[in-house]
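Welcome, and thanks for taking a look at this one. Below is a short tour, from the whole chain down to a few local details.

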Amino acid sequence: MTHVSWILVGLIVLVIPGDVLAATTFNVDVSLTPSHAVPSTLFGQMFEDINSGDGGLYGECMFSPIVYSLLHLLTFSSAAESRISASDTEYALMNARLIERNADERTDTTAALDPWAAIGEAQLTVIADPKPVSSALPNSLQVTVPAGTSGSVGFSNSGFWGIKVESSWTYNASFYFRFPSASTFTGKLNVALQTTSGRVLASNSISVRGSQTGWTHVSLSLRPSTTAPNTDNVFAVTIEPTRGDTETAINFAMFSLFPPTFKNRPNGMRIDIAETLAEMGPAFFRFPGGNNVGQTTATRWQWNATVGSLLDRPGRVGDWGYVNTDGLGLLEYLNFFEDVGMEPIMAVWSGYSLGGTSLPENELAPYIQQAADQINFVIGEPGTSPPASLRASLGHPEPFALRFVEVGNEDFFAADTYPYRWRDFAGNLSALFPNITFIATTDAFSPIISPDPQAYDVHVYQTPGWFIQNAFYYDSFERNSTKYFEGEYAAISTNASNIFGTPDQGRLLFPDMQSASGEATFMTGLERNSDIVFAASYAPLLQHVNDSQWTPDLVSFDAGNVYRSTSFFVQKVHSSIAEKLKSPKTYQWLQLFSLNKGDEYLPTTLPDPAGTVFWSAVRNTTSQEVILKVANAGADEAAVVFQLPFTSVAESGTLQQLHGDPTASNTPEQPNSVAPVTSKIATGKVLNFTAPAFSVSVISVQVK
């Protein structure tokens, strides 16, 4: 008896912008025999904290730089230092010197008051507290209530350009307070969510006494009685005396306001942003950057200052010029990856800072040890590794998954020092962790470095036209066991002579159909060359529309909404793990583009490298169906005829399609200008398809 199976194949076709393409028919023969396996890691996400961690992916609603903003050079709290390998005396002494040297940086200032505002006659001052809430957080907000004050008095915080208030949510509010000197004061602290006009949406209160001169931790629930019509809302604390008519001062520290989080994780991720990222079905998540790994040696991202109690996280001034609280720390990242079902591609700092400093080779040893400890926190065994033991004490005794580690970031900026830095970091770390692939971050094979890199990270920001013209970029690369990670790519401008210019010079504010379809042509080449390209990610991932330092970005957001771009939907064309996500209500776009990467690449008639229509074909052997992906990024529709060499092909299939005018873009004003649509399509062994201008399409069809 003959056994007949149903097979799934994926096919992508793209046509590109402008007048480059005339109306033409493209005949495409698809091979039955795969040329190579498609790596499971092929398409994922790259995260760099560009106004997108605090106030973005991280669920904390409170913008409270008071205790962080003055610590420009402070690297470790004493608690964080205690987590360094005890045997590494040099490492510990180095950081002790940094703390001592920069203690005088912790001075009081009112510059950190933003976004705090006084209510009534209250006086607000940021002080270097003589008895700080922790050694990592030296500053406090001192609130003074003048004698004889009447009416409401206190302070408010407007969050990250607003606070979303939902009646179905319970908010967890917390802070620390103390009276700087004992007094006879008694009264209440009223804690509320309210509109900027003063309408109270949720409230709770606690009693306080002037005898509380030690730090008291307050944790309250706030349940709004109604949903606010917009995000023009604040967190407010008002002081209501019942006894004491003299001037009263109260110090406050470590504020927090959390709505429900993704997967209900404590200190977790903002639900709508996390769900949007999960919706893409990413295979991996590259973190913690990106450029945000370090502007200087002292202010570099350091794993052990981002774990444990929030009281022990000193924060840092990130590389994009604002405070990173590091509430979104290494463990929070790792839990998020597990919750979504993606794996990390993790960077370690490699001795070079964006400020232009490369450490000499004889100073690298403690930083190599710190990188080893960072890796051991992720994958080490608690019984043999102090960092792994720390992880276990924080609630995750089992090692996380980790197969890829980047040594630095964009080290082509310091190519002259990378040979010795790569040799020392990669050489030592690969000996300790032989099962990890270490990725180099210079230009491929320039300079020549040793040991031979297993993989290179390649970055490109260009025009849509560049991506079209370079769809065959990797085809000529030597097959010599070296792999490539297209770690950052995006069409960011229409002006080839000034890629990084302003919007009036062609810089895009948001992806549009011209840029998204141009990127898609390049992605067909990534898929065709996935025997050597093992991973790729659009960058940047997230953008806060109220404080954007880089455009365009894959996903935009504000305090209350998330905006999916055209490039977001194109990326979803190629994702593959969304079958792990089970809630169709939450992930409303899943049925469009999430299962289309396949696991085998099928050779086809090659597109014309000088043309504007590109395609690729893959097979999904698990789902036993065929998927044909088609995208047209040009100004004219394109006829594509696929010859499918199967015994039989179903007479109809499913078409999922994204298309629009070249400048069509999803923005806060028009968030759904372009969205994919699903319909039925006639299919057969000879499959005739007309791809609209500036479109990306997916055809699913059964074959035998």
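How many helices and strands does the protein chain have? The protein chain has 12 helices and 34 strands. Please keep in mind as you read that this is a predicted model.

## The chain as a whole

Of the 704 residues in the protein chain, 62% are buried. Among contacts with a separation of 6 or more, 77% are between residues 24 or more positions apart.

Turning to the surface, the protein chain exposes about 25,600 Å². Carbon and sulfur atoms supply 50% of that exposed area.

## A five-stranded open sheet

Let us pick out one sheet. Five strands form an open sheet with antiparallel pairing, and their order is β5-β8-β13-β10-β11. At the edges stand β5 (116-119) and β11 (200-209); each has a single partner strand, so one side of each lacks a neighbour in the sheet. From one strand to the next, the twist averages 20°.

Strands of a sheet pair through backbone hydrogen bonds, in either a parallel or an antiparallel sense. Here, β8 (residues 154-157) and β13 (residues 233-243) are an antiparallel pair joined over four bridges. If you would like a spot to zoom in on, try N157, whose bridge partner in β13 is F235.

## Helix α4 and the residue after it

Which residues of helix α4 are buried? Helix α4 spans residues 271-279, and its buried residues are I273, A274, T276, L277, A278 and E279.

Just after α4 comes a backbone detail to check: G281 takes a positive phi of about 65°.

Notes
Residues are numbered from 1 along each chain as its sequence is written. This is a predicted model: local features need pLDDT of at least 70, side-chain atom pairs count only at pLDDT 80 or more; totals for chains, interfaces and linings use all residues. Side-chain values use heavy atoms; hydrogens and water are left out. Helices (H or I, at least four residues) and strands (E, at least two) are DSSP runs, numbered from the N terminus. Buried means under 20% relative accessible area, exposed over 50%, partly exposed in between (1.4 Å probe, protein chains only). Contact means heavy atoms within 4.5 Å. Accessible areas come from the Shrake-Rupley method with a 1.4 Å probe; for residues, only the protein chains shown count as cover. Two strands pair if DSSP finds at least two bridges between them. Axes are lines fitted to C-alpha atoms, for helices over the stretch in contact, and angles run from 0 to 180 degrees between N-to-C directions.
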